[in-house]
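Visitor: Could you give me a close look at a single part of this one, and then walk me outward from there? I'm at home at the bench, so keep it informal.

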Amino acid sequence: MEVLHISTEKHKLYNITEEVRAAAAKSGVREGLCLVYTPHSTAGVLIACGIDPNALTDVDRLVRKLVPIDTPFAHTCDPATDAAGHLKSILTNAQQTFPISDGELKLGGSQEIYFFEFDGPRERTVYVQIVGA
C-alpha cells in the first residue's frame, strides 16, 4: 500500500492524480482495482474535471453552499467547521475505486482525482491500495 501525506490549508482541493497513477504503475498490477481512501471525517476523495481550474471553484462553491458552517447543527461537541466538514465528507465520500487495465489507471480524458480538505490546516493521510494480477 502506498501512503500519501498532505499538509493542507483550510477548505481546499488537492490534485493527487499523478501520485495515484504512480502507485498503480509501481504496483506492477496489469488488471485490477485501485482504492483511494482517506481515514478522516472532515475530508473527502472525489473525481472532478481537471481541464478548467474554474470547475474546481464551482465544486468548492457548491459544497460550501450545500453545507454552510452557519447551519444550526444538532451535533455540537465539535466546532461548526468540524460539524460542516463531517457532512461534506459524507456528500463527497472518503473513498473512490478505479479500474486498472493494461497496467494503467483508467480515468476519463478530463477526470482527475482530488483530496478535498473541509477543515484544516491539518496533516492528512490518503491510502492507495492496489489489488489484482
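**Starting at one histidine**

Guide: Let's begin with His86, which is in contact with Ser41, Thr42, His75 and Asp78 once you set aside its neighbours within four places in sequence. Keep in mind as we go that this is a predicted model. His86 is found in helix 3, residues 80-92. With a relative accessible area of 18%, it comes in under the 20% cut-off, so His86 counts as buried. One of those contact partners, Ser41, also shares a polar contact with His86: their side chains are joined at 3.5 Å.

Back up a little along the chain and you reach Pro79, in the loop between helix 2 (53-66) and helix 3. Pro79 is partly exposed, at 47% relative accessibility. Compare its position with that of Pro53: the two are 26 residues apart along the chain, and their C-alpha atoms are separated by 30 Å.

Now over to strand 7, residues 111-117. Five of its seven residues are buried, so strand 7 is largely enclosed by the rest of the structure. Look at what it pairs with. Strand 4 (residues 43-49) runs antiparallel to strand 7, and seven bridges join them. Within that pairing, Ala48 has Glu112 as its bridge partner. Strand 2 also pairs with strand 7 in the antiparallel sense, over four bridges. There, Asn15 stands opposite Tyr114.

Strand 7 has a part in the aromatics too. A search of the whole structure turns up two aromatic pairs. In one, the rings of Tyr14 and Phe115 have their centres 6.5 Å apart and their planes at 50 degrees, so the pair is tilted. Tyr14 sits in strand 2 (residues 12-15) and Phe115 in strand 7, so this pair ties together parts that are 101 residues apart in sequence. Both Tyr14 and Phe115 are buried. The other pair is Phe116 with Phe118: ring centres 4.5 Å apart, planes at 45 degrees, so this one is tilted as well. Phe116 and Phe118 are both buried.

On to the nonpolar packing. The largest nonpolar core has 21 residues, and those with the most contacts inside it are Ile16, Val20, Cys34, Val36, Leu105 and Ile113. Strand 1 (2-7), helix 1, strand 3 (32-37), strand 4, strand 5 (95-101), strand 7 and strand 8 (123-132) each supply at least two residues of this core. Ile16 is a good one to click on: not counting residues up to four places away in sequence, it touches Leu4, Ile6, Val36, Ile113, Tyr114, Phe115 and Val126. Apart from the largest core lies another, of eight residues, with Leu46, Val63, Tyr114 and Phe118 among them. As a general tendency, nonpolar side chains in soluble globular proteins are buried together.

Last stop is helix 1, residues 17-27, where the buried residues are Thr17, Val20, Ala23 and Ala24. They cover an arc of only 130 degrees around the axis, which puts them on the same side of helix 1. Turn to the other side of helix 1 and you meet Glu18, Ala25 and Lys26, which are exposed. Just after helix 1 comes Gly28, with a positive phi of about 80 degrees.

Definitions and conventions. Residues are numbered from 1 along each chain as its sequence is written. This is a predicted model: local features need pLDDT of at least 70, side-chain atom pairs count only at pLDDT 80 or more; totals for chains, interfaces and linings use all residues. Side-chain values use heavy atoms; hydrogens and water are left out. Buried means under 20% relative accessible area, exposed over 50%, partly exposed in between (1.4 Å probe, protein chains only). A polar contact is a pair of N or O atoms within 3.5 Å; within protein, one must be able to donate a hydrogen and the other to accept it, and residues adjacent in sequence count only if both atoms are side-chain atoms. Contact means heavy atoms within 4.5 Å. The arc is that of the directions from the helix axis to the C-beta atoms. Rings of Phe, Tyr and Trp (its six-membered ring) pair if their centres lie within 6.5 Å; planes under 30 degrees apart count as stacked, over 60 as edge-to-face and the rest as tilted. Two strands pair if DSSP finds at least two bridges between them. A nonpolar core is a set of buried Ala, Val, Leu, Ile, Met, Phe, Trp, Tyr and Cys residues joined through side-chain atoms within 4.5 Å.
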